[in-house]
Each structure stands twice: as C-alpha cells, then as structure tokens.
Amino acid sequence: MVQPAQRKPPDHQRFWSAHGYTLAALALALIWLWLSLGPFYQHAMGGAPASALRVPILLLAAGLFWRRSQLASPRTRVSLRLIAAAILAVVIGEVLWVNAFLGLGANPAFGLWDGFFLVYFPLMMLGLLWLPRVFNSRADAAKFVLDALIVVVGGGMFVWHFGLAPFLAVSKPLRNLPDLIGWAYPISDLLTLVGVATVLLRLPVGAARRSHILLALALIASLLGDLVWWIMGAQSDLRLDHLAHGFWYAQAVLLVAAGESTMDRGAPVRARSALHTSFAALPYLALFAGYGLMTWAALTGNLASVRALLVWASALTIAVVLRQAIAHRENTLLLHERERRASESRIAKLIENAADGILILDSAMQIHYLSPSAKRLLNLQAQALPLPITTLLHPDDSDGLRLKLQQLQPGVSGSSGKLMLRFLPNERPLLLAEVTVTDQRDDPELAGIVLNLHDVTAHQQLEDQLRHDALHDALTGLPGRELFLDRVARSMNRLGQSSAQVAVAVLDIDQYRLISDSLGHASGDRLLQLVAERLQGQTRSVDGLSRISDSGFAILLEGAVDDNRFQVRIERLHAAFAHPILLEENALPITASIGLASTARHAISPADLLRNADTALALAKTQGGGQQQWFAPEQHQQVVERLALLATIPQMIEQSQFTLHLQPVVGLVDGYPIALRPRLRWRFPETAPWPLARVYEATRNNDSGLQLGEWMLHQAQREFSAITRYQTGVSHLSLLILLSGQHLRQPGLVGRVQEVLERLGLAAVNLTISITEDSITDDPKAALAALKNLRNLGVRLALAKFGGRASSLSSLHENLFDTLLLSGQLVRSLTADTRTMALVRGVIALGAGLGARVIATGVDTEQQRDLLAELGCLYGIGDALAAAMPVEHLLPWLGGRLAENH
C-alpha cells in the first residue's frame, strides 16, 4: 500500500520553528529599549531593568548551546558547553549586580559579580578555540595563527588606547583589588578579540557557517559595548550608557540566534574549512585600522599614546612580514606543484595506454580510482565510484584479498604482497590477474591501497591445461598427489608467518574395498567417480580436492586461525555422504573417515603435513566408519608402534608367543558350566612387549586381525577337542566363539564351520558364534545372509555387547539370535542404587520375551554376581565366577564342578 506523501508545513510555521527563540529574545530587547527611553529614561534605577531583562535572554542562549552540545561530536560538545558556561557566568554576574544595585539604590563599584563577568572571557575564548577546524597543511595552520595575531594586535591597539591608557593615567596598576579589576576588563577584551579572529578567519562550510558568524557578531557587539563604556569612563561628560547597553543587548540577542542556529540538524559535526572566505580581508582591515589609530593619535598630539602604539605597530609589522613570507613560500611551492602536475600528466598518458590496470582502494575495500587500462580490462567505462571491489571479484576470492590486506604491516608505508585474483568483468569471460598489493594509506597523495593488475588469463589457461594433463587422475579428473602437494606448498609459502593456518584433510571411503571386491572393480571405479562429484559440490575450487590413493581423497583447507574455524568445511565433507549412493540400482549407504592435520601444530613440509593427515585417518578408521580425527604429535609414534606391532603378529604366531585359555560360562546360582569361551593370553606375560588390549586395538578390522582370529579359531578347536576327549560328561558344553565382521565377509565361511563341527565330532547346536552389532551394520546385506546360512546349519548365534552405549534394537528384528551377551560395560556400572538395575532388568525381560538366553559378561565381583542373580539373570562369565584357564587346569576344574552337580 502506497503511503501518502507528508505535507510540508506552511512557510510561516517553518519560519517560527527556525527563528522563534531569536524573535522572543528580540522582543525582550525591544521592551528594554522602550523602558530605557520611556519610564526609566535618566532614572536612577535605569540600570537595573537593563540587566534584569538581559538575564532571560542570556539564560535562553546558554540553554540552546547546552542542548545542542548533547547532539554533537565529543570535540564540538566540549566547545559548546564551554560557551554555555561562559554565558551562564554572565547571567550569575548580572543577577548579583542587580541585587547589589537594588540594595544600594545606586551603581555599585566592584563586587563578586565582577569575578563572574571576568570568568566569561577565558571560558568563551576556550570554547571558541576548541571549535573543530581542519587545516590542509602546517603552512595553512601558520597562516591562520598569524592572521589571528594581526587581528588581535590591530584590535588590541584600540583596547590599549581607549581602555588601558586612560585607566593608567588616573591610577597605578595592581595597587588594590579595584585597580586589578579595572585592568582585568580591557585585558580580557583582548581574549574577545582572539575569539573573534579564530571564528571569522576559519569559517566552516554548510549550515554551521551561519551560527559561527552570529557568534562572532555577538562578540563584536560585546567588544563595542565595552569600548563605549571605556570612552564614557574616560570622558565623564558623555552619557553613552544606553548605547553601551544597546550593544550588550545586541550581544545577548545574537547569542540566542547563534544558539538557535546550532540546533539545525544539517550542521556538520566536524565541518571542512573553506580556504577562501568572505572574511579573508579581516587581517588587512585590522592592519589599516591599527596604523590609522596610531596616525590619528599623532595628529591629535597624544604623543604618550603614540609611543605605546608604536610597540603594538612593531608587533603588527612583524606578524605581517611573517605572513607574507609564508605566502611567498606557498607561491613557490605552487609553481613546483604545477611543474609536478605537468609531469604527472605525462605519466597519466602513459598509464592510460599501459597494459596493466591500477586500482586504489580504501580500508573498507571501496574502489576510489580506476586507471583507464583497468576500466578496459574490467569493462567499467561508466561505473560510478566509489565501488566495492567485492562486486567485481569471484565470490571465493574476496576472503583472500581481505586476508592479504590484513597481512600488510600496519603503519609501514609501502608494504606490499602478491596474490592471484579472479575478476568478473561486465559481459566478459572471467579474468585472472596477478595482483600486487601495496599499502600507500600514509601517502597523502594516494591515501589508499594500490592494486596493480596484470592479466595472466591466457598464460594461466595454457599452464593449467598442461598441468592438468600431466598431474590429474584419469578416472575422476581430480589432481593427483604431486599436484596436491604442490598446492599445499604454495599455500604455505603464500600465508608465510601469518596467523592463518594451512590444513589438509584426507578422506577415505570406508566401504570401497568391500564394494570393489563384491561388485567388481568397475563398480568400485564408478563409486569413486560419484564420490568425487559429491565432494566437488561441497568444496571450493581453491580447496585443492585431489585423489591421492585407491579410495582416498585429499582437501586443502586454508585461511582459518584455529582448528575450530575449519569445522564448517569439514561438516560439508560429511554432508557429501548424507544420502546413499545409487550404484547398479542399489542405494548403498556410504561413510568416509577423515584425518586432518594443520600447520598450527608443527612447522612442517607439505609431505609431512599429508603424512600426519594419513596418520590421523588411520586412527579415525579404528573408531568406526564416518569418524574424523585431528593429528596430534603423539599419534605418529602410536602409528609407528602399531605398524611395528602388526608386522610382528605373524612372527609371534610362528614363535608361539601366544597361547589360548578357555573361560567357563557358568550358572550364577549353582556355578554349573554351560559353555567355554576362548581368551587370548601371552605365553610369557612377564616379557610381553605390549598389553593384550593394545594387540586387540591394533588388529581390529585389518589383515593381521584376521590372521590372529584364524589362529584363535584353530587353537580353540584343538583345546575343545582335548577336553571332550579326556573329560566325560561335557557333551552339553558349547564352544562360544567371537567372529568379526571380516570373518563374516570371508567367502566359504559356512563350509569351514561345517568342517570344524565334523572334525570335532560336535553337534552344531553345541557351537555358539558371537558377533557384535557393528559387524552387521558395516554391510547389513552380506552379514545377514551369512548369519542366516549359519543359522540354517544349526549353529547358535549370540549378539555380543548388548546393552552398551552403541547398541540398539535394530539387530533383533531378524529372528536369528539365541543368546544375548550382556555388555560388560553395563555390568561394571551395576550397583544397588543406580538406574542400571532397571536397564539390566529390562534386558533380561527382553531376552525372556524373545526366547533368548541372557549371559552377563565381565562379572568380576561378588556384588555384581549377587545383583545379577537377584535380577533374574541365570548365566554369566567373569573372574568372579571362573577365570580363563589352560586345558591342564580346566580339566580338573570341570571334573570337580560336574561332580558337585551330579
């Protein structure tokens, strides 16, 4: 809906709004004029109304200046408040004087009011001197000071002749307080002259100009009033008090007008001074007036005054000579400036026909100058300035330029740097330019940051084509390892010693090997192409996405000052795998592990940076799919030790460094054994090179782990066969074996299990295969197929670590599992007064509802055993029930337990 335009108020309303206070003050002045020329003409009390009626006018002026100060800049605020304070001092003095006048019935000589009247002069001068002024140079400031000095000296000659000289003729200075006060008024008027000179000789442009002129006129009116008062005091037969009061009333009205003028919101807070004003002739007028006064004094025969005025005239002459010397020097500089401009004109013609472009920016990245060649390169013939350079840059390059500007050394004029920027000319292809950035903000002629643009588009295109053919992966079209390392090196050299970091992210597809082995290498290649496309959609072109191994990609990250700033980009990498990938009409969920390393952690080479990222990737893959890990220095040592451990696993197996113990699974109430679980042990624990937990962690989900698992399966078969051969009555025992996801994915698993059962002479129902839930989630389709085949063979299945933090109910949807192995993590947190009691009770009830047996693992204390039995758990395994034992110890233990329960 279109809003109706606001109607402007009528002209008379705007007039009263702008000048109402001034008209009110003028009305009071006219009332005084009527009273002084009418009822109180030549009345003894005539001075009292004059001062009394001037008080409200001055109060109004002080209020206007104070109110305007609240809206001004800090410097202007101080100035306006000093002026308001000066006016208020006069108000207080007038009030005190009127009170004394009414009390005495006559004009009092001296009193406290004189102190307030005299305070007015320094306060007003400070306020005027504090007004904002802008000088173009030191010479400009010197000319202003000398012009002001000429005005003050020329006017001071009148103050001396009419104010101080008559007073000195009748009294000795500093003899008493009245004499001191009598001296103070003429001297204080010299401060008024200083104020007039500083205001009129440096008038601002704009709306503030009027208020400054009114303020100067008010000071001149005050000075004229004082001058009339001195003449009247020197010649007692003259009655000029009405004229003096008239000037002082004019001062008050002009102060109100000046204060009201400052209320104009259009007045600039810090106005730029005009070089040539209508009051530029003021020093010359003061010069002629001073010499004219001295001439008049000589013609009238006042030789004593002439001698004093000669001293003033000497100071006036010196100021004039200095002023002309500065003007002469400026004229000389002006001639040199014209010669320089002629030279610059020639340089400008050369710049206009140069191939490279030149831009000048301010600190806010706004373009204030474009050379003709830059306009041609960027096709900006009629573009208005200033113009944000970001509108001409490729979106991804703005941060790079901003970073380079931040790297320029502050306060060091001429500091420079280079970078490559992509520009987007109007209706033209992308322009690649090598840009030299030079800080010339301290140079008054340039006052900005100079950018020299050298067009390297064609050269870069040819170079990119050659490099692409030599250094890119043929399958995905991405850069290879060598090109990636080159980009990392360039980034590290470009950032140098700045606070910004260079980081490398190495990404590996968790399911690549499985898909390539199961669906064929062609499917694996297609998977790499699809992943590359997704990563390109989530990264910037300058991030240097590369393929560096069979299933690995590397990304260059730069520009952040800490690891947390990289997190947004890392989340984009994970987002590339948020949805399944369609491969041969199958929607396959894909995850990727990410290892990261940055230069903030060590000053290293690009190769070391990539190696550290690979090290962090290896650690991320041990934590499961879809994880990320930053490199820490200690990780490299861990990886080295892990590789050393993995390398020695086959040797340790051959040298029989490992042995296998069997740990009974027993009833919690009667201790009756129902199954045996193999446990890996060192044959010589006292000389073991690593803890077994370290061995388990290092061999998880790799070929060494598969080899160690095969050895454990073989040893378990031998040990269980020996037990069944030498111990009668153990036909009910089951062998509980843990299989990893790698075992499930091994071809021929079912045939091998059937062969084991036949060799042991063991019924399939006596073999329980335990798997963890993550063994299924890695490849659900293949894992469930293998489990169903084992189930059809008659083998029992157990779901391990059930009830742990990472477990869910999704694996129980298939009716496959006969046994639930209660998580040892849950059992260890079991106490009589915790919520774990309710969780364990729920798992036991769930097992009963599914018809599955629940076996608690990690039962290491008597309290845990009693609490589990109380909750209804029937079976358990742990050191509190029975420790893992070699066969020679297990045989008598089984015999004793079977005999007890016979």
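**A walk through a predicted 902-residue chain**

Let's start with a shaky stretch: over residues 265-277 pLDDT stays under 50, yet the model still gives this segment 35 contacts beyond four places in sequence. Residues 1-5 also stay under 50, but there the model has zero contacts beyond four places in sequence. Keep in mind that we're looking at a predicted model throughout.

How does confidence look across the rest? The protein chain averages a pLDDT of 77, and 80% of the residues score at least 70. Among the helices and strands, the low point is helix H1 (residues 11-37), with a mean of 69, while strand E21 (residues 875-877) sits at the top with 93.

Now for the overall build. The protein chain has 29 helices and 21 strands, and 47% of its 902 residues count as buried. If you take the contacts with a separation of 6 or more, 66% of them come from residues 24 or more positions apart. On the outside, the chain exposes about 45600 Å², and carbon and sulfur atoms supply 58% of that area.

Helix H15 is a nice place to zoom in. Spanning residues 512-519, this helix has Tyr512, Ile515 and Ser516 buried. Look down the axis of H15 and those buried residues fall within an arc of 95 degrees, so they line one face of the helix. Which elements help cover them? Strand E7 (502-509) and helix H16 (521-538) are part of the cover, and so are strands E10 (581-583) and E11 (586-588). Turn to the face of H15 that points away from the buried side and you'll find Asp517 and Ser518, both exposed. Just after H15 comes Gly520, with a positive phi of about 105 degrees.

A positive phi on a glycine is one thing, but what about other residues? Most residues other than glycine have a negative phi. Two spots here go the other way. Met365 has a phi near 65 degrees, and you'll find Met365 in the loop between strand E1 (357-361) and strand E2 (366-370). Is Met365 buried or exposed? Its relative accessibility is 7%, and buried means under 20%, so Met365 counts as buried.

The other spot is Ser656, where phi is positive at about 55 degrees although this residue is not a glycine. Ser656 belongs to the loop between helix H19 (633-654) and strand E14 (658-667). With a relative accessible area of 36%, Ser656 is partly exposed, whereas Met365 is buried.

Technical notes. Residues are numbered from 1 along each chain as its sequence is written. This is a predicted model: local features need pLDDT of at least 70, side-chain atom pairs count only at pLDDT 80 or more; totals for chains, interfaces and linings use all residues. Side-chain values use heavy atoms; hydrogens and water are left out. Helices (H or I, at least four residues) and strands (E, at least two) are DSSP runs, numbered from the N terminus. Buried means under 20% relative accessible area, exposed over 50%, partly exposed in between (1.4 Å probe, protein chains only). The arc is that of the directions from the helix axis to the C-beta atoms. Contact means heavy atoms within 4.5 Å. Accessible areas come from the Shrake-Rupley method with a 1.4 Å probe; for residues, only the protein chains shown count as cover. pLDDT is the predictor's confidence in each residue, from 0 to 100.
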